[in-house]
Structures are given as structure tokens and as C-alpha cells.
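Work through the exercises below with the sequence and the model at hand. Each task is followed by a stepwise solution.

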Amino acid sequence: MKFFVDTAEVADIRSLAEAGLVDGVTTNPSLIAKSGRDMKTVIAEICAITPGPVSAEVTATDAAGMLAEGRVLRAIAPNVCVKVPLTEAGLVACRTLSSEGAMVNVTLCFSPAQALLAAKAGATFISPFVGRLDDISTDGMRLIADIVQIYRNYPGLKTEVLVASVRHPIHLIESAKLGADVATLPPSVIRMLLKHPLTDRGLEAFLADWQKTGQSIL
């Protein structure tokens, strides 16, 4: 399973990349706004940190505008993945950009039918939002299971399932068990995966015993 980092904060991406935990990055207009920085500059810096796909999202709502913006974003670096919304205009843009050789991430997916349409349009990635479904008392993981099953039924569909809106480690573990290709995680959730009280307790015990020996490895 590939781990993408869902952030526009370059320092977080660089830190996680040093641990080998970054296979790609996803951004969106909200994350860019939160960073307070120029979008093109941020995307270029991220693309220099990781060779994996870096999703940069269009803000136009019409197909022509999405295509124009997508081509500009794609020119920033070879590993830019153009992100478009799951609308009719977005699928038109997806189809055209994909035919031009661009990676395309179709975002804001909330149903299996939408995921099937995105795959038909040639999407590289489909981004179903599990957390936002949970927020409205709907089982977000059921959506992942349905999309994975549908895509497996048709080997000709090459779109990868990129689980988004991940709120906690259970979302990740369940997605991995279902066979999702990718999960995009906020840095805080990636760091949650490291934590276990028995790990902390065991390390404390080992270090306390080592201190009693009076030895030093260096």
C-alpha cells in the first residue's frame, strides 16, 4: 500500500520522507490557503522532495478552464498529478488530460457509481472521502469495499483507489485490509500510526536497565 501525505507543509513532507514514509503527496486549495504560500512555488518544492505523484488541484469549474489550469500545473514538474473534481466537466478534463499523458486524480468521490465513471474517463486515481461520509452517519469503509470490488471485476480499469479524508489509524488499517492501492494521510495521522503504549513502556524499561550497566556504545 502506498502512503501519500495530505498536506502543503513542506517541512512535514521532508521530515516524513526521511523516514521513507512518503510515496506521494496530495494538496487541495484549502491546504494551499492554510500554508499561506504561492501555490506553484509550494508544488515545485514538494515535487523536488518526492519523485512520487504530487496532486495539484484545479480551481476552475468548467472543462476548458480545468484543462488550461491543468496544463499549467502539469508543467511545474513531471510528477505533478492534476486533481479535478468529480463533475461532468471534471470528467471531460480528466479524459483529455489523461489522453495527453497526464496523471489525473479525480477527487470528491462519494459513491461507487461516481468511481466507475472516473475510471471510465481514464483517471489515474480516484479519491473517495471516507471521513466525510462517517460525518453524516454513513459507513465510509463500505464505499472503499464497493469500489475495490468493482474495479477488480474489470481488469481493464487501471484506476487506483486513493483513500482520502482519513481521520484515524483505523481508516488506514481497514483500507489496507480491503486492498486499496493508496491512502493519503495528514502528517498527524501518520504519526499516530507510530504510537503504542507497550512500545513506549518497553523502550523505557530497556533504557533504564541499560543505564544501570554504566556502559556506553560510543
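**Exercise 1: two serines with positive phi**

Ser137 is exposed, with 72% relative accessible area (exposed means over 50%, buried under 20%, partly exposed in between, with a 1.4 Å probe and protein chains only). The model is predicted: local features need pLDDT of at least 70, side-chain atom pairs count only at pLDDT 80 or more, and totals for chains, interfaces and linings use all residues. Residues are numbered from 1 along each chain as its sequence is written, and side-chain values use heavy atoms, leaving out hydrogens and water.

Task: Where does Ser137 lie, and is Ser165 buried or exposed?

Solution.
1. Ser137 sits in the loop between helix H7 (130-135) and helix H8 (140-153). Helices are DSSP runs of H or I with at least four residues, strands are runs of E with at least two, and numbering starts from the N terminus.
2. The phi of Ser137 is near 60 degrees, a positive value in a residue other than glycine.
3. Ser165 is not a glycine either, and has a positive phi of about 55 degrees.
4. The loop between strand S7 (160-163) and helix H9 (169-178) holds Ser165.
5. Ser165 has 14% relative accessibility, so it counts as buried.

**Exercise 2: an annotated lysine**

Task: Which residue does UniProt list for "active site", and which residues does Lys83 touch?

Solution.
1. The unreviewed UniProt entry lists Lys83. Such annotations may be inferred rather than shown by experiment.
2. Lys83 is in strand S4 (residues 80-85).
3. Its relative accessibility is 5%, so Lys83 counts as buried.
4. Not counting residues up to four places away in sequence, Lys83 touches Thr26, Thr27, Asn28, Ser55, Ala56, Glu57, Val58, Asn105 and Thr107 (contact means heavy atoms within 4.5 Å).
5. Take Asn105 next: this residue lies in strand S5 (residues 103-109) and is buried at 0% relative accessibility.
6. Asn105 and Cys81 are 24 residues apart in sequence and 6.4 Å apart in space, C-alpha to C-alpha.

**Exercise 3: a helix pair**

Task: At what angle do the axes of H4 and H5 cross?

Solution.
1. The axes of helix H4 (residues 63-74) and helix H5 (residues 88-99) come within 8 Å and cross at roughly 45 degrees.
2. H4 and H5 are therefore oblique (under 35 degrees is roughly parallel, over 145 roughly antiparallel, 65 to 115 roughly perpendicular, the rest oblique).
3. Ala63, Met66, Leu67 and Arg71 in H4 meet Ala89, Gly90, Val92, Ala93, Thr96 and Leu97 in H5.

Note on methods:
Axes fitted to C-alpha atoms, helices over the stretch in contact; angles between N-to-C directions.
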